[in-house]
Every structure is written in C-alpha cells, then in structure tokens.
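Q: Hey, can you walk me through this protein? I'd like to get a feel for what holds on to what.

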Amino acid sequence: MPRPPAGSRTLRGAARRPETGEVSVTRQVHFNAGHRLNNPARTRRWNQRAFGLCNLPNGHGHNYVLEVTVRGRPDPETGYVIDLGELKQIVHETVVDLCDHRNLNVDVSFLRGVIPSAENLVIAFWDRIAPHIRKGRLHSLRLYETPRNYAEYHGPTERVAP
C-alpha cells in the first residue's frame, strides 16, 4: 500500500486530505429589489447627469445575485469550511429576507441614508453578514446587478498609521 503524502493523515474510514492551506466556499443567493440612485445633497440636475436612467423618479429594479465566499481550513471531522446550509440561513436572515421584493431606498432600515449603488450595497451586506460567520472567515461578497455588472468587496482595509 502506498504511503500517504507528507502532511496528510488518514482518519478511520475517511479520505486523506492535506493538512495545510485554505479553501474558499461560495453560496449564491438571488433576490429582486428596486432602487433609485440619488444624492439628496445635490441638485436634481446633478443627480440626472451623475446617475442617468438610474435616477428615474420612481426608481428601477434588478434581479440581484449575491455570492458570499467564506475562506478557511476544512474541519477535520466534517470536511467543511462552513456548512453551506448554515451560510444560506445567515445570508437569508441578514440580507435576502429583508431586501427581497423591497424598495432599497425606503423599505430596508439598514440602508437608510445609503445611496444604494452596488458598491455601497456590498459594503452594507458585509457589515450584516460578517458578525455571524463563526467558522472560517468572510472572504468576499460579489453582487451582480446584471449578468455583466457586479461589485466585489473583500472587507474593510486596515489603515496603516503614517
């Protein structure tokens, strides 16, 4: 019988896996929502020029796709970085259930005062999801507004003092 590779171990009845390195796992969720891009501190004319059709008075909608990626080492007993069912529940409770079929400008309390661009949404969603991740760590969020347009966020950056 061949020897296991260095750095691997065999659990009784379990397949061998490397002891080093991290794995990223991603859960994709969908929701539909409307929004209007508008900066209330600026004039109507400025908003129309800055946001174009995204500034229509009654807003517009998207079929959003949110990808949530958690990174870490697989648990030796389960092989999971995080149970994807648990991740699904976290994302639904903290984001999807609150945003689905809503007007993001007026119906979602955690977005009050936020211009709901894709960029601002991924940051707000990160702030909602990250505290609930107990296994692994939140690595990235990718929010698609359309199949060709998305924003991706990797969390707050640490500022280095000069």
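Q: Okay, which side chain does arginine 142 meet in a salt bridge?
A: That's glutamate 152, with 2.9 Å from N to O. Keep in mind that this is a predicted model.

Q: Where do those two sit in the chain?
A: Arginine 142 is in strand E6 and glutamate 152 is in strand E7, ten residues apart.

Q: Is arginine 142 buried or exposed?
A: In between: arginine 142 has a relative accessible area of 22%, so it counts as partly exposed. The cut-off for buried is under 20%. Glutamate 152 is partly exposed too, at 36%.

Q: How many salt bridges does the whole structure have?
A: A search of the whole structure turns up three.

Q: What does glutamate 22 pair with, then?
A: One partner is arginine 71, where the closest N and O atoms are 3.2 Å apart. Glutamate 22 lies in the loop between strand E2 (17-18) and E3, while arginine 71 is in strand E4, so this pair ties together parts that are 49 residues apart in sequence.

Q: You said "one partner". What about arginine 137?
A: Arginine 137 also forms a salt bridge with glutamate 22, at 2.9 Å from N to O. Here the link runs from strand E6, home of arginine 137, to the loop between E2 and E3, and the two residues are 115 apart.

Q: How exposed is arginine 137?
A: Its relative accessible area is 41%, so arginine 137 is partly exposed. Glutamate 22 is partly exposed at 35%, and so is arginine 71 at 25%.

Q: Which residues end up in one network through shared partners?
A: Glu22, Arg71 and Arg137 are joined that way by their salt bridges.

Q: New topic: what about glutamate 145, is it buried or exposed?
A: Glutamate 145 is buried, yet it has no salt bridge. The nearest side chain of opposite charge is arginine 148, and that is 11 Å away. A salt bridge needs the nitrogen and oxygen within 4 Å, so that pair doesn't qualify.

Q: So what is glutamate 145 in contact with?
A: Leaving out neighbours within four places in sequence, glutamate 145 contacts His35, His62, Asn63, Tyr64 and Ala118. Glutamate 145 itself is found in strand E6.

Q: Let's go to the greasy part. How many residues are in the largest nonpolar core?
A: It has 32 residues. Those with the most contacts inside it are Phe31, Leu66, Phe125, Ile129, Leu141 and Leu143.

Q: Which elements give two or more residues to that core?
A: On the strand side, they are E3 (23-35), E4 (60-72), E6 (137-146) and E7 (149-153). The helices are H2 (84-99) and H3 (118-129). The largest share, seven residues, comes from H3.

Q: And what does phenylalanine 31 touch?
A: Not counting residues up to four places away in sequence, its contacts include Leu66, Val96, Phe125 and Leu143. Phenylalanine 31 also touches Cys99.

Q: Cys99, huh? How many disulfides are there?
A: The count comes to zero disulfides.

Q: Fair enough. Is cysteine 99 buried or exposed?
A: Cysteine 99 is at 0% relative accessibility, so it counts as buried. Cysteine 54, on the other hand, counts as partly exposed at 28%.

Definitions and conventions: Residues are numbered from 1 along each chain as its sequence is written. This is a predicted model: local features need pLDDT of at least 70, side-chain atom pairs count only at pLDDT 80 or more; totals for chains, interfaces and linings use all residues. Side-chain values use heavy atoms; hydrogens and water are left out. A nonpolar core is a set of buried Ala, Val, Leu, Ile, Met, Phe, Trp, Tyr and Cys residues joined through side-chain atoms within 4.5 Å. Buried means under 20% relative accessible area, exposed over 50%, partly exposed in between (1.4 Å probe, protein chains only). Helices (H or I, at least four residues) and strands (E, at least two) are DSSP runs, numbered from the N terminus. Contact means heavy atoms within 4.5 Å. Lys and Arg count as positive and Asp and Glu as negative; His and the chain ends are not counted. A disulfide is a pair of cysteine sulfur atoms within 2.5 Å.
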